[in-house]
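Colleague: I would like to learn how to read a fold from its model. Could you take me through the sheet, the helices and the domains?

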Amino acid sequence: MRESSLLLHVYGQNAALPARVSLPPGDDMGAVRFDPGGGGDAEVLVAVDQLADGVHVDVAHTSLSQVGRKAVTRNLSDVAAMAAVPLAAVVAACLPRDFGQSRAEALFDSLRRAAAAFDCPLIGGDIAMWDHPLLLSVTVLARPEPGIAPVKRSGAAEGDLLYVTGRLGGSLIELHGYTHHLDFEPRLHVARRLAAVCRPSAMIDLSDGMAADLPRLLAASGDLVAQVELAQLPISEAAQVAAAGSGRPPWQHAMGDGEDYELLFTVDPAQARRHLPESIEGVPVTRIGRVRKRLNPDEPPLLLMDEEGQVHPLDSTGWEHAGT
Ligand SMILES: [Mg+2]
């Protein structure tokens, strides 16, 4: 089974949804509009993410505070991708029967602490016991920042410049006591600042790796191709370490390792020139390429321009959680 074809099957039913659905399946969060009373109009965004032992985290070799934190921050990265503001979260936990009372309490304390640290209080949930590894499903609610409509995946246009926050690759590597896929900071403030200063035309957070996530943004926006400049890619120190171990070039780790939880976004060139800073709150904002119309239906969506100016079509080397 392919995750991507299952999702297309789901998105195929979007047109049948009621009018109050302002963001149907296919973006980082869904959203509905409602009248909060008094004839106004409010919008609430919602998303759910799972953290499965053996898939997204290795519980035997990870502290419970990191497990709980990641279950929350994965979701908050989706809130950041919409440039929205977290409101509250609920968690559904399936605990292995032998997990133990004190470890379960420590896990829930870490979930609560992580959520509170981002002003996204944990306000409920459900607990079950089962004979399988730990599974945490966190649902997060969010609202738009006043005056800032949620930034979708679908607004990129011909000629827009392509940007990324932070540095990419090597998220599983522990370096200087920091392991990115566990300890990353969801880009909530950076995203809202971006939306306030330059209004990205489209945005997504990098969970599966740029090679997998960038084609999702392009597909949502229409028939577009992205040309990424290798020389501009912000490659992390951890990606260099990963490359030394794997024998593959560092850029492949930056494009394909996944779990960067950085923001990938497009901006109109005039907007970018006038308003886009080189960093926000110490987080670098790097132009890595541009998007254009697809020349023919067979053209792959992702092109990489090497340091000699040669253009190479790139495979999706990001992984799909649902397997093959
Ligand atoms: Mg996302």
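Modeller: Start with pairing: two strands pair if DSSP finds at least two bridges between them. Helices (H or I, at least four residues) and strands (E, at least two) are DSSP runs, numbered from the N terminus. This is a predicted model: local features need pLDDT of at least 70, side-chain atom pairs count only at pLDDT 80 or more, and totals for chains, interfaces and linings use all residues. Residues are numbered from 1 along each chain as its sequence is written.

Colleague: In what order do the six strands of the open sheet lie?

Modeller: The order is 1-2-3-6-4-5, and the pairing is mixed. Strand 1 (21-23) and strand 5 (122-130) are the edge strands, each pairing on one side only. From one strand to the next, the twist averages 25 degrees.

Colleague: How many bridges join strand 4 to strand 5?

Modeller: Seven, between strand 4 (residues 84-96) and strand 5, and the two run parallel. Within strand 5, G125 stands opposite V91.

Colleague: Now the helices. At what angle do the axes of helix 2 and helix 3 cross?

Modeller: Axes are lines fitted to C-alpha atoms, for helices over the stretch in contact; angles run from 0 to 180 degrees between N-to-C directions. Helix 2 (residues 64-81) and helix 3 (residues 101-117) cross at roughly 45 degrees, and their axes come within 8 Å. Under 35 degrees counts as roughly parallel, over 145 as roughly antiparallel, 65 to 115 as roughly perpendicular and the rest as oblique. Helix 2 and helix 3 are therefore oblique to each other.

Colleague: Which residues meet there?

Modeller: Contact means C-beta atoms, placed from the backbone, within 7 Å. From helix 2, L64, V67 and V72 are among those that meet helix 3 residues, including L107, L111 and A114.

Colleague: And the domains: how far apart are the centres of domain 1 and domain 2?

Modeller: Domain bounds come from an automatic or database domain assignment. Here, domain 1 is 3-144 and domain 2 is 161-313. Their centres, taken over C-alpha atoms, are 24 Å apart. In contact are 14 residues of domain 1 and 16 residues of domain 2.

How values were computed
Contact = placed C-beta atoms within 7 Å.
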